[in-house]
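Good morning, colleagues. I should like to present one structure today, and I ask you to keep the view before you as I speak.

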Amino acid sequence: MKKHLFTLCILVLIGCSKNIHEKQINLSSNTIKEVVDSLSLHYPENKEIIERGVNQVAQLWTGSDGTSQDFILFCKENYIADPAEREAAFLKISDYMEAIYGNYNEMSLSLQKNIQENTGPVIKVDELFSAYNPATHLDDDLYRNKLAFYIALNYPKTTLNEKEELGQNRLHLAYARLGDFFTSRVPAEIMQNYSEIGNKVELYANNYNIYAGHLLNQKGEKIFPEDMILLSHWNLRDEIKANYNKGDLGLDKQNTIYKVMQRIINQEIPLSVINSGEYDWNPYTNEVFQNGGKTSNESENNQRYANLLEIFHAVKEMDSYNGNTFIDRSFSENMEISLEESELLLREYLSSPELKKIGNIIKDRLGRDLQAFDIWYDGFKPRSNLNEEKLSELTRKLYPNAEALEKDLPNILVKLGFSNERAHYLGSKIEVDAARGSGHAWGAARKGQKAHLRTRIPEKGMDYKGYNIAIHEFGHNVEQTISLYDVDYYMLNGVPNTSFTEALAFVFQKRDLDILGIKNEDPEKDEMEALDKAWQLFEIGGVSLLDISVWKWMYSNPTATAEQLKEATVHLAKEIWNEYYAPVFGSRDEPVLAIYTHMLNYPLYLTAYSFGQIIQFQLEQHLKDKNFASEVDRIYRLGKLTPNQWMIQATGNPLSVEPILKAIREIE
């Protein structure tokens, strides 16, 4: 996952709308008109951009920035009319911004280190420093010294449609990206509050471990390895995936894990068994045992939903300064795909008849009726037919620690088709850290810095599941590196939105066995991959829809309690299940969609995975008859275009679910 708190804060800094409430002065329409008319008289050919820039500055201007006369003087003295001068100023601004954001990113990386990396016990001072966001006052500072106004005046915000019309004019697209930076003013204390809450919730998520070796099945027996620890929800889900084709014991483990998930969703899980191996727990009866006798099973008491409410209130506090909601900012502005378009695509896919066809195939392969946890059915992948423990033996030997993985990164790239020189160039710009949580990819924000691959590596070495996740994160790192170092303009560094970086990471993750030298010679390989991708999209599509629905509910019920939010979340999860999943699974009122931890510490991020699945499928179709390494290099250099322009330039086609549905229809 390409995600961290600094990125979230930067998104808030750069990504929003135009409504100032604090210390705002009322610049009259006559004052604004005076400036526009004066500048347009001298530069009539620039009237449209003058009007837009002046109005944007006016919307951002507050009493602390000066009087109406100060506003007039500032606009007249700082407007750039000459195109060559405007370009020269843009290039210098880009260099300065790279220095600023690069160094803030480096500071945040260091401050988060002991929380996110496995550096030993976390003490109070680690929590305090990790909660500090060094960029909190950056926004205020850039307004105070008028740099923000200078940029807003000369590089004003453009709409999504206008960006689309720029096509392949990369300089003007880069201007447009700079124009996204200063469109709102959120007070520093509100930004800091969000950072502190986000850090607290991330710490909660990173330490939500279930000691599987202490779980009891329905018969009261221990069925998992004694030392197995599973992070919710990631490792719980992966353990379900790992137990297909394992007979009755595998099914027993899956049912037990699903019961754990239900207890977490309903907040019936005993507080004493979270991140603790001191007690045995039977999730079927919800009884807790210590030294052979029963002990307290006091529940977590809705902390999961209390955390989500804190996140909601923190981002809602920013709404008045942005003139829109966090939902709007997440979709129309950050993703640049509207909420309506996103929901329409998700619902269109989830209601596709092709999904029932896949469900019947899975049912036949399992030889039983589908159960709710089969949304994670993993049997279409070649790895499901391999001995995972043998794979883990191999990966543990290869990667006993973070240093071994980092050293091998160039070799991995060579196996994927990169030249030796290019592989070492990219590998040298990525550092591997042992993570406390499931891991993530933290990109550099300035040339000369390294991207960080943070991945969980147990004392015995990296098991296969961890390796598979690490290759996904490595895909992020390669994208982060190429789209920073090799794009033509700093303002175009990155990708259109998080869906795209997830898709690109999936492209790498899919090749994890190839990297290990294990080839899939199955003649039905393409069909299996299509089925697998379609089923994954079915799973994450419903979770994405639930994420959206929960946020809509919170906005409609802003004074809700944690208990009310829990009830609403479970109700919405069952409602979505009944509409889209019950026709495929045959069971109703399943809450499983609500287990995803992303809903807590990565708000409204799940839709990125859905779009990522769609994008990946189209990318894979495009890459089939191409040189993988050279195409990856070309595509990653496109940078932060609009989603539609990126897809067209990368693959020649717009974003659509039709290719994946067509592939399923063609399977006999």
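I shall discuss the aromatic pairs and then two surface patches.

This is a predicted model, in which local features need pLDDT of at least 70, side-chain atom pairs count only at pLDDT 80 or more, and totals for chains, interfaces and linings use all residues. Residues are numbered from 1 along each chain as its sequence is written, and side-chain values use heavy atoms, with hydrogens and water left out.

Rings of Phe, Tyr and Trp (its six-membered ring) pair if their centres lie within 6.5 Å; planes under 30 degrees apart are stacked, over 60 edge-to-face, and the rest tilted. By this rule there are 37 aromatic pairs. Among them is the tilted pair of Trp61 and Phe74, at 6.0 Å centre to centre and 50 degrees between the planes. Trp61 lies in the loop between α3 (47-60) and α4 (68-78), and Phe74 in helix α4, so the pair ties together parts 13 residues apart in sequence. Trp61 is buried, at 0% relative accessibility, and Phe74 is buried at 10%; buried means under 20% relative accessible area, exposed over 50%, and partly exposed in between (1.4 Å probe, protein chains only). Ring pairs link both residues into a cluster that includes Tyr101 and Phe149.

Which residues form the nonpolar patch on the surface? They are Ile123, Val125 and Phe129, with about 280 Å² of accessible area together. Val125 is found in helix α6 (residues 124-130) and is partly exposed at 39%.

Finally, Asp522, Glu524, Glu527 and Glu668 gather in a surface patch of negative charge. Patch members have over 30% relative accessible area and no salt bridge (a side-chain nitrogen of Lys or Arg within 4 Å of a carboxyl oxygen of Asp or Glu); like charges are joined within 9 Å, and nonpolar side chains (Val, Leu, Ile, Met, Phe, Trp, Tyr) within 5 Å. Asp522 is partly exposed, at 33%.

Methods:
Accessible areas come from the Shrake-Rupley method with a 1.4 Å probe; for residues, only the protein chains shown count as cover. Lys and Arg count as positive and Asp and Glu as negative; His and the chain ends are not counted. The place of a charge is taken as NZ of Lys, CZ of Arg, CG of Asp or CD of Glu. Helices (H or I, at least four residues) and strands (E, at least two) are DSSP runs, numbered from the N terminus.
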